[in-house]
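User: I would like a close look at one part of this model, namely the sheets that the two chains build together and what packs on them. Please take it step by step and in connected prose.

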Amino acid sequence: MKFILMMSAPKENWDSFAKWSKQDLERNAAFMRAFNQELRDSGIFVASEGLGWPNEARLIRARNDGEPITDGVFPESKEFLAGYWIIDVESPEQAYRLAARASAAPGPGGKPGNIPIEVRQVLSGFSDLGL
Amino acid sequence: MKYILLMTGTRGGVDTYRTWSKQDIDAHMAVLQSLNKELKNSGEFVVTQGLAGPEEAKLVRGEKNGAPVTDGIFPESKEFLLGYWIVDVATPERAYAIAGRISTAPGPGGVPTNMPIEVRRFAEHAPRES
């Protein structure tokens, strides 16, 4: 079963993250690299990406003629996706355990960030939707 | 440049979608499948995925001993990811144009859903797809 583990945060948390010390950032990056390597070694890694900053985020709708209407205004409470992992595991419980590991990634001073990780099953195709 | 196009909706929106007729769903999916094919032909397609319903979504934190604490309670206004496309395009404007196309996919009675699509660039330092 494939699951996506999503790490999201409001803009103010991104602003705090931008102020982390180099040492804190390096500690967090080292954790992430080791975590990804462990997922690769155990054969459950599918993909992982980090996303660009919220100030670059755009919301697009189509005009009647199909041309895109671009908007960069989001509510204050908007949770921006910061990054994700896609993993292929045996059970939801295994996905939850790994999400807890990602949640414990070190923050400032090496304390666990304790960021909530949203876990969702990824469908393998239109057939999963009965189409 | 790689961009992710995120399609999200509230639980109420998902409940409405589930009342669409088969004909409306087929017409919607046909447009998206045709867009996927077009993106594959232009070499801009990386991947697309649909996600299982919001009722299965869980929020996970780690306890002090590392054990997962699982919660499935979200605010009413929570925007759930429904699915996404990853595209590799020359400019942000091209990503916006593709997002616009997704936004015009037909809803009930063939009227465009006009759903907002969030467009985000991938960070360059990020690990690549395996």
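Which strands does helix H3 (residues 92-103) of chain A lie across, and at about what angle does H3 run to S3(B)?

Analyst: This is a predicted model, and what follows describes its computed geometry. Helix H3 of chain A lies across strands S1 (2-9), S5 and S6 of chain A together with S3 and S4 of chain B, and its direction makes about 55° with S3(B). The strands under this helix thus come from both chains, and the sheet to which they belong is worth following from one edge to the other.

That sheet is open and has six strands, in the order S2(A)-S5(A)-S1(A)-S6(A)-S3(B)-S4(B), with antiparallel pairing. Its edges are strand S2 (45-50) of chain A and S4 of chain B, each of which pairs on one side only, and the twist from one strand to the next averages 25°. At the chain A edge, S2(A) is joined to strand S5 (residues 80-88) of chain A by five bridges, the two running antiparallel; within this pair, Gly50(A) has Gly83(A) as its bridge partner. Where the sheet passes from one chain to the other, strand S6 (residues 117-121) of chain A and S3(B) run antiparallel and are joined by three bridges, and here Val119(A) has Lys58(B) as its bridge partner.

There is a second open sheet of six strands, also with antiparallel pairing, whose order is S4(A)-S3(A)-S6(B)-S1(B)-S5(B)-S2(B). Strand S4 (68-71) of chain A and S2 of chain B stand at its edges, and because each has a single partner strand, one side of each is left without a neighbour in the sheet. Ignoring direction, neighbouring strands of this sheet are turned by 25° against each other on average. Within chain B, eight bridges join S1(B) to strand S5 (residues 80-88), which run antiparallel, and Tyr3(B) stands opposite Val87(B) in S5(B). Helix H3(B) packs on this sheet, where it touches strand S3 (58-62) and S4 of chain A as well as S1, S5 and S6 of chain B, and its direction makes about 50° with that of S3(A).

The contact between the chains can also be counted by residue: 42 residues of chain B are in contact with 43 residues of chain A. The elements of chain B that give two or more residues to its side of this contact include strand S3 (58-62), strand S4 (68-71), helix H3 (92-103) and strand S6 (117-121), and H3(B) gives the largest share, six residues. By class, this side of chain B has 23 nonpolar, 11 polar and eight charged residues.

In soluble globular proteins, nonpolar side chains tend to be buried together. Here the largest nonpolar core has 44 residues, of which Leu5(A), Ala99(A), Leu5(B) and Ala99(B) touch the most other members. The elements that give two or more residues to this core are S1, S5, H3 and S6 of chain A together with S1, S5, H3 and S6 of chain B. Leaving aside residues up to four places away in sequence, Leu5(B) touches Tyr84(B), Trp85(B), Val87(B), Ala95(B), Ile98(B), Ala99(B), Ile102(B), Ile117(B) and Val119(B).

As for chain B as a whole, three helices and six strands make up its secondary structure, and from the N terminus on these run β-α-α-β-β-β-β-α-β. Of its 130 residues, 27% are buried.

Technical notes: Residues are numbered from 1 along each chain as its sequence is written. Chains are lettered from A and ligands numbered from 1 in the order in which they are written. This is a predicted model: local features need pLDDT of at least 70, side-chain atom pairs count only at pLDDT 80 or more; totals for chains, interfaces and linings use all residues. Two residues are in contact if their C-beta atoms, placed from the backbone, lie within 7 Å. Helices (H or I, at least four residues) and strands (E, at least two) are DSSP runs, numbered from the N terminus. Ala, Val, Leu, Ile, Met, Phe, Trp, Tyr, Cys and Pro count as nonpolar, Asp, Glu, Lys and Arg as charged, and the others, Gly among them, as polar. Two strands pair if DSSP finds at least two bridges between them. A residue is buried if 20 or more other C-beta atoms lie within 10 Å of its own, exposed if 12 or fewer, and partly exposed in between; C-beta atoms are placed from the backbone. Axes are lines fitted to C-alpha atoms, for helices over the stretch in contact, and angles run from 0 to 180 degrees between N-to-C directions. A nonpolar core is a set of buried Ala, Val, Leu, Ile, Met, Phe, Trp, Tyr and Cys residues joined through C-beta atoms within 7 Å.
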